[in-house]
Amino acid sequence: MTPLMKSWAPPLALLALAIALSFLMPFNLAFLTRILIMVVLVLSLDLVLGYAGIATLGQAAMYGAGAYAAGLFAIHVWADPLAGLMIGAVAGSILAFVSGLVLMRTQGLTLIMLTIAVAAICHEIANKARDITGGADGLRGIHMEPVLGMFAFDFVGTTGFWYALAVVVVIFVFVALITRAPFGLSLRGIHESPDRMAAIGVSVYWRRVTAYTVGGAIAGVAGALSAQITQLVSLESFSFTLSAEALIMLILGGTGRLYGAVLGTLIFMFVHHWAAANDPFNWLFVIGAMVLAVVFFLPKGIISASAGLARLIKGARHAGS
Amino acid sequence: MTDAGLRLDNVTAGYGPTHVLDRVNLRLEPGERLAVIGRNGAGKTTLLATIMGLTKLHEGSLTLNGAPIQGLAPHKRSALGLGLVPQTRDIFASLSVEDNLLSARRGDATLEEAYALFPRLKERRRNGGAQLSGGEQQMLAIARTLMTSPDILLLDEPLEGLAPVICEQLMQVFEDLASDGRRSVVLVEQQAAAALSFANRAVLMANGAIVHDGPAAELRNNADLLNRHIGVSLNA
């Protein structure tokens, strides 16, 4: 296999899997679309936490900001889906930038607590501004125009699924390009040794603010996508549970690896779906057991199992020859 | 005497409230080769860290080409031409050799120049930082700092723990780097003989202070001073 084929094989395989699932589960397109939206959110978290090492439990703040901004924009200004995504990205990035100016001056536990606080403040603002956001009832009345003026959102969710898949592909390529550029390399350097990166000329603070802002824009896109496809924005968009679930998905798949983010989301969502359907009261036990197993046996995430398997096969081949 | 070069005046610095350097005065001319020697704990590493802005400055001033730099963050000092190769090397383990170099690239620096200086790094460019030997890690740490195009290269015990043949290779690289006279090199080293043969000036540190500053050849021949402060005699 040539290096070019090697680098294209995994994303094409994932794309083929998504398309295959849409045919295998034609009556579960809403669920598959929900997975795709979560993939975008977890990719944003991977950039922030996995690459830049910014510990956060408040990524839902930017997701919620994007969702409400896109919803309000669609209701009051223009219901074009792509324009709405842009608005979601702008809202997420502005919130991330403004809060990041303060948050990125802190580290560790303080940082985690402050990110939770930012999401909680946003949640409360959305709750209180009932006239604008709908409060606890959620923001309703979002009716989107057809995507590109051609593909209207349908009841079954076909357009929503393909639209979300297209957004996932674009975001995945965007994040892959960022992480392979010198900017992304410097983020990984900052993650490993901030002092060393500073000593080789990188402004650690501004790099972290930039990474947080870009991650916020992507989370905002995820929120906007959710608002457009479900035609509803609830207070849950800002919830701690959403941030925590995104973190669990990332840890399951493997932090600092884009395929890990995708794989973790897929596995979490499917296990969640299956476990909750079989036992609506104790499904969290299954998720907890899965997280424990991964943390103990695959501390670098499920994605690292493939490398281990490849080593085993290589070893077996050597032993056999 | 011009303002060019680096100047430390009455510098007292350390980590937090601790004072490690005690009223240090030092001047480094452009293109100069300076050796800094002393026992463990003499303050050599802290001296370089203070120049880079990685310690707390309690008193004194630092100027680079006549401009004060004591209030500047490390990344700004790096942008002004200071480059530190740390004793701990701090290779980014999750990045490949090439990505380690690219993460620091600034100005006209190219990968080809780095590989010309250290051909071994080119052979291992796809390997992860954690997969390198000690010598290769040191080469990478030096090459990565050179990617920032420094005018003043600060080397903190680069020969520590390396095989003699690697030490010889690295000393030859330092010779090459300093030979055109455009770049100043400060070499902090426990191997006093190697450091003093490389440098044209040397300072001897003890208890956070500079106790001798003069031509390297003069210090090399001062058995009494060397014996007293680092416990070796190079003429023996």
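Good morning. I begin with chain B, where an open sheet of 4 strands follows the order S2-S1-S4-S5 with antiparallel pairing. Please bear in mind throughout that this is a predicted model. The edges of the sheet are strand S2 (21-28) and strand S5 (67-68) of chain B, each of which pairs on one side only. As a general reminder, strands of a sheet pair through backbone hydrogen bonds.

At the S5 edge, strand S4 (residues 56-64) of chain B runs antiparallel to S5(B), and 2 bridges join them. Within that pairing, B:Leu64 has B:Ala67 in S5(B) as its bridge partner.

The sheet also has a helix lying across it. Helix H1 (residues 44-52) of chain B lies across strand S1 (6-14), S2 and S4 of chain B. The direction of H1 is at about 110° to S1(B).

I turn now to chain A and to two helix pairs. In the first, helix H2 (residues 29-51) and helix H7 (residues 158-180) of chain A pack at an angle of about 15°, their axes lying 8 Å apart. With that angle, H2(A) is therefore roughly parallel to H7(A). The crossing of H2(A) past H7(A) is left-handed. On the H2(A) side, the contact includes A:Leu29, A:Leu36, A:Val40, A:Leu43, A:Leu47 and A:Tyr51. On the H7(A) side, the participants include A:Phe161, A:Leu165, A:Val168, A:Phe172 and A:Thr179. Classified by residue type, this contact of H2(A) with H7(A) comprises 17 nonpolar, 4 polar and no charged residues.

The second pair is formed by helix H11 (residues 240-253) and helix H12 (residues 258-278) of chain A, whose axes come within 7 Å and cross at roughly 115°. At this angle, H11(A) is therefore roughly perpendicular to H12(A). Here H11(A) passes H12(A) in a right-handed crossing. From H11(A), A:Ile248, A:Met249, A:Leu250, A:Leu252 and A:Gly253 take part, and they meet residues of H12(A) including A:Gly260, A:Val262, A:Gly264, A:Ile267 and A:Phe268. The contact of H11(A) with H12(A) contains 9 nonpolar, 4 polar and no charged residues.

Finally, I come to the interface between the chains. How many residues of chain A are in contact with chain B? There are 16, and they meet 23 residues of chain B. Helix H8 (182-192) and helix H9 (194-199) of chain A each contribute at least two residues to the side of chain A that touches chain B. H8(A) gives the most to that side, with 6 residues. By class, the side of chain A that touches chain B has 6 nonpolar, 6 polar and 4 charged residues. Thank you.

Methods
Residues numbered from 1 in each chain as written. Chains lettered and ligands numbered in written order. Predicted model: local features only at pLDDT ≥ 70, side-chain atom pairs only at ≥ 80, totals over all residues. Axes fitted to C-alpha atoms, helices over the stretch in contact; angles between N-to-C directions. Parallel < 35°, antiparallel > 145°, perpendicular 65-115°, else oblique. Left-handed = near helix turned anticlockwise from the far one by under 90°. Contact = placed C-beta atoms within 7 Å. Nonpolar A, V, L, I, M, F, W, Y, C, P; charged D, E, K, R; others polar. Pairing = 2+ DSSP bridges.
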